[in-house]
Amino acid sequence: MKTLLSANLKFIVFLFFSNAIFPPCKSQVIQKIKDVRFANSFPFDFTVSNNKLFFIATDNTNAGVFVTDGTDVGTQKLTPSTGLYSISDIVDYNNKIYFTYNDGSNGYELWVSDGTVAGTSIFKDINPGSTGSFPKNLTVANNKLFFITDIDQKLYVCDGTPAGTTIIKNNGAVIFNGLAQFAILNNDIYFTSDNGTGAGYGMWKSDGTPAGTALIMPNIASSIPGDYAVLNNTLFFSADDGVHGTELWTTDGTSGGTGLVINLRADGGGIFASGAPFNMINYKNKIYFTASDDTHGAELFSSDGTAGGTQIVKDMSPGMEASVPQKSVIYNGDLYFSCYNGAATGLWKSDGTTAGTTLIKQGGGGDPFLRDTRFAPVFNGLLYFTVNDLQF
């Protein structure tokens with residue numbers, strides 16, 4: 001039997017459902033760390049900080065932030081059980097984690113934890129009262145913590161102290177790459193904002209100071225959850241300039257160095273008739289990403305930053321059917337991802353070649369966006385993930 005990885009690899013599986021998709025065999029060990037909840041705990045947002053692994057999950061009371069050392073007894077909930085259900089944006093900053101939480105009294109505000117219950121508390125009550133400020137898109141760059149408050153879309157920067165948590169830009173800011181965090185290049189964050197009048201949206205960058213916050217390219221915006229990646233001091237991202245639809249772009253942080261790499265779907269005309277690249281990752285000196293062209297659905301592509309050097313890696317669901325590769329992670333020199341090929345989501349790996357892109361194990365059926373394998377960081381030499389093998 002061809003096995004998933006080498007014999008010294010051990011997968012650690014947090015409870016998602018009672019069984020993993022991989023059958024036992026002598027070269028792999030699948031171990032459940034903790035049964036967080038009688039039903040489904042839905043763990044996600046795994047984050048390593050100060051040699052501890054944090055994640056969000058739901059126990060029999062509510063959703064909360066947990067910490068684990070990889071053992072049952074060393075897995076505990078850190079946040080108060082009086083909190084409400086929506087938690088997001090765990091980020092590691094200065095050997096602590098910062099996250100958004102509602103304790104039932106202060107609304108959704110910025111919290112901090114050192115990995116102990118006693119060291120877990122509200123960091124700053126930005127909007128006093130029960131409504132909260134809803135901090136989101138927590139991102140660390142230039143040794144600072146950036147975020148947007150959802151209540152008024154203001155861009156904040158934090159130096160690790162409540163007093164040093166201030167507004168950078170009063171105009172409404174929007175996350176540029178469309179996912180959980182800002183795009184980062186050379187310690188600057190990238191975001192979408194207007195020109196101060198409520199119009200003229202474009203791509204901005206900031207180093208965390210008002211003087212270092214500037215417009216890079218007008219009339220360009222990220223229109224879908226696009227992700228981003230950095231290669232050779234160049235930021236790769238998806239964006240829509242109003243002409244080509246959502247396609248692959250690059251920038252070196254200057255207006256003159258910002259441009260379209262390739263128009264993968266020549267018909268343009270919105271998200272669903274565009275290349276719509278996302279799931280970007282730097283691997284073997286290229287950017288690998290998911291996109292469509294005029295003859296293929298959403299599949300695995302690679303690019304060296306030129307139109308001629310951008311091509312499909314493998315058509316896993318032939319034709320205009322889409323396999324939608326997602327959740328890419330690099331482990332032991334290979335690129336791992338989940339994708340939907342035909343009837344179910346499976347775990348795949350690639351060495352960057354067509355022949356070296358192979359299905360490892362077919363998983364459960366259902367919607368490809370709901371039944372995918374979710375990867376987490378490599379922690380103490382192990383690859384952490386959640387998986388769902390329920391088929392319906």
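Trainee: Is Phe123 buried or exposed?

Mentor: Keep in mind that this is a predicted model. To answer that, look at the relative accessible area: under 20% counts as buried. Phe123 comes out at 11%, so Phe123 is buried.

Trainee: Okay, and how do I read an aromatic pair?

Mentor: Two numbers do the job: a pair of aromatic rings is described by the distance of the centres and the angle of the planes. There are 14 aromatic pairs in this structure. One of them joins Tyr98 and Phe123, with ring centres 5.2 Å apart and planes at 80°, which makes the pair edge-to-face. This pair links distant parts of the chain, 25 residues apart: Tyr98 belongs to strand S8 (residues 96–102) and Phe123 to strand S10 (residues 120–124).

Trainee: What is the relative accessible area of Tyr98?

Mentor: For Tyr98 the value is 3%, so Tyr98 is buried.

Trainee: Which residues form one aromatic cluster?

Mentor: Phe46, Phe55 and Phe66 group together that way.

Trainee: What about a charge and a ring? Where does the charged end of Lys169 sit?

Mentor: Look for the charged end over the ring face. Here, Lys169 has its charged end over the ring of Trp204, 4.3 Å from the ring centre.

Trainee: Now a polar side chain. What does the side chain of Asn279 contact?

Mentor: Start with its place: Asn279 lies in strand S24 (residues 278–283). At 8% relative accessible area, Asn279 is buried. Then check its partners. Its side chain makes a polar contact with the side chain of Thr290 at 3.5 Å, and the Asn279 side chain also reaches the backbone oxygen of Pro325 at 3.2 Å.

Methods. Residues numbered from 1 in each chain as written. Predicted model: local features only at pLDDT ≥ 70, side-chain atom pairs only at ≥ 80, totals over all residues. Heavy atoms only, no water. Helix = DSSP H or I, 4+ residues; strand = E, 2+ residues; numbered from the N terminus. Buried < 20%, exposed > 50% of the residue type's maximum accessible area, 1.4 Å probe, protein only. Polar contact = N/O pair within 3.5 Å; in protein donor to acceptor, adjacent residues only side chain to side chain. Phe/Tyr/Trp six-rings, centres within 6.5 Å; stacked < 30°, edge-to-face > 60°. Lys NZ or Arg CZ within 6 Å of the ring centre and 35° of its normal.
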